Amino acid sequence: MRLQLGTRASALALWQAEYIRSLLLAMDRNLEIEIVKVQTKGDAILNKPLSKIGGKGLFTQEIENAMHAGELDFAVHSLKDVPVDEDGEFVLAAFSEREDRRDCFVSEHFASLESLPKGALVGTTSLRRTMQLKHLRPDLRTQSLRGNVITRLERLRSGHFDAIILASAGVQRLGLQGKVAHIVPIPIETLIPAVGQGIVVAQCKRNNHALCALLGRISDSKATLEALCERSFSRSLGGGCQAPVGICAVLNHGICRVEAIVGLLDGSTILKESLESPVSSDDDAQRLGIALADLMRCKGAKALLAQAREMDFEGL
């Protein structure tokens, strides 16, 4: 079987595509899989914060268009880049084993978030990270930092920032440990990660049942349940990829604990809640995510998100 696999062209995206390709080839050596690079809107527009050009599919829409046209058979994405309101034409058919879900602190001159001097400038593309950083350290300044991981590291080294925040999974997958003086994972208790962070997914047309079944054979059941819980929370709350929302579901021995945070971009007001429940099926996982969204909605999460959308990232 010959397959065309679509991906973004960054080093991390290509690593992820090759990773999924290797899992499939290890399962069936008769497969032929060509990796096809696609430029997306999120990659093309680098002079504006993601929240300013946001909306559905910043890093997926062009790839989905190519699948729709029959130019690609399936795609590989970072799950955190995939909108939670999935297009009915496509399905996430495989979820990889989850890599480190934490964010990490990266700096050439400072050993930790706590050691940053007053007024230090931190680079991040994420409203979620900004909200939590400002809550922890109201004195810090944040600024949008766009581009792939290598580009961000170059801007750090050139002195544009005192520190930057990256996903630990990307740092580990690209083997960047030791390339910067200080790369320190941030505990989840300090910085709750994004929906699906650390998980790579394979996406294909929903009606291609044979391909869905093939991709499903490499899917990790634990990561799938955690992802479904987190995505159902975000979908129910109406957070979306570019909202100040963090969530983390951890499944251990059949019990899933899920914790989430929402807040204003300046960190002045946050709401954090958690739930846990036995989870053994997709439906269980999604019900738990929805239950947490309902709890937070009752405590004012929707109003917080509406207020946060009126705030200017660049003013922080």
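Two strands are said to pair when DSSP finds at least two bridges between them, and with that criterion one can read an open sheet of three strands in this predicted model, where the order is E11-E12-E13 and the pairing is antiparallel. The edges of this sheet are formed by strand E11, residues 245–252, and strand E13, residues 270–278, each of which pairs on one side only. From one strand to the next the twist averages 10 degrees. Strand E12, which covers residues 255–263, is joined to E13 in the antiparallel sense over nine bridges, and within E13 it is Ile-270 that stands opposite Gly-263.

Two helices can be placed against this three-stranded sheet. Helix H9 lies across E11 and E12, and its course makes about 150 degrees with E11, whereas helix H11, residues 301–308, lies across E11, E12 and E13 and runs at about 45 degrees to E12. Ala-306 is found in helix H11. How exposed is Ala-306, given its relative accessibility? Ala-306 counts as partly exposed because its relative accessibility is 40%, and the class of partly exposed residues lies between the limits of 20% and 50%. The C-alpha atom of Ala-306 is separated by 9.2 Å from that of Leu-264, although the two residues are 42 residues apart along the chain.

Helix H9 also has a helical partner. Two packed helices are described by the angle between their axes and the distance between the axes. For H9, residues 221–237, and helix H10, residues 282–298, the angle is about 35 degrees and the axes are 7 Å apart, and H9 passes H10 in a right-handed crossing. On the H9 side the contact includes Leu-225, Leu-228, Cys-229 and Phe-233, and on the H10 side Ala-285, Leu-288, Ile-290, Leu-292 and Met-296 are among the residues that take part. Charged residues also belong to the contact, including Arg-235 of H9 and Asp-282 and Arg-297 of H10. Taken by class, the contact of H9 with H10 has 11 nonpolar, five polar and four charged residues.

Elsewhere in the chain there is an open sheet of five strands, with the order E7-E6-E8-E5-E9 and mixed pairing. Its edge strands are E7, residues 141–143, and E9, residues 182–185, each pairing on one side only, and neighbouring strands of this sheet are turned against each other by 25 degrees on average when direction is ignored. Within the sheet, strand E5, residues 103–107, and strand E8, residues 163–167, pair in the antiparallel sense over four bridges, and the bridge partner of Cys-104 in E8 is Leu-166. Helix H5, residues 127–136, packs on the sheet and touches E5, strand E6 (121–123), E7 and E8, with a direction that makes about 130 degrees with that of E8. Helix H6, residues 149–157, lies across E5, E7 and E8 and runs at about 165 degrees to E8.

The beginning of the chain offers a further arrangement of strands and helix. Strand E1, residues 2–7, and strand E2, residues 32–37, pair in the parallel sense over six bridges, with Leu-5 standing opposite Ile-35 in E2. Together with helix H1, residues 11–27, the strands E1 and E2 make a right-handed β-α-β unit. When following any of these strands, it helps to recall that in a regular strand the side chains alternate between the two faces of the sheet.

Key:
Residues numbered from 1 in each chain as written. Predicted model: local features only at pLDDT ≥ 70, side-chain atom pairs only at ≥ 80, totals over all residues. Heavy atoms only, no water. Axes fitted to C-alpha atoms, helices over the stretch in contact; angles between N-to-C directions. Left-handed = near helix turned anticlockwise from the far one by under 90°. Contact = heavy atoms within 4.5 Å. Nonpolar A, V, L, I, M, F, W, Y, C, P; charged D, E, K, R; others polar. Right-handed = clockwise from strand over helix to strand, strands pointing away. Buried < 20%, exposed > 50% of the residue type's maximum accessible area, 1.4 Å probe, protein only.
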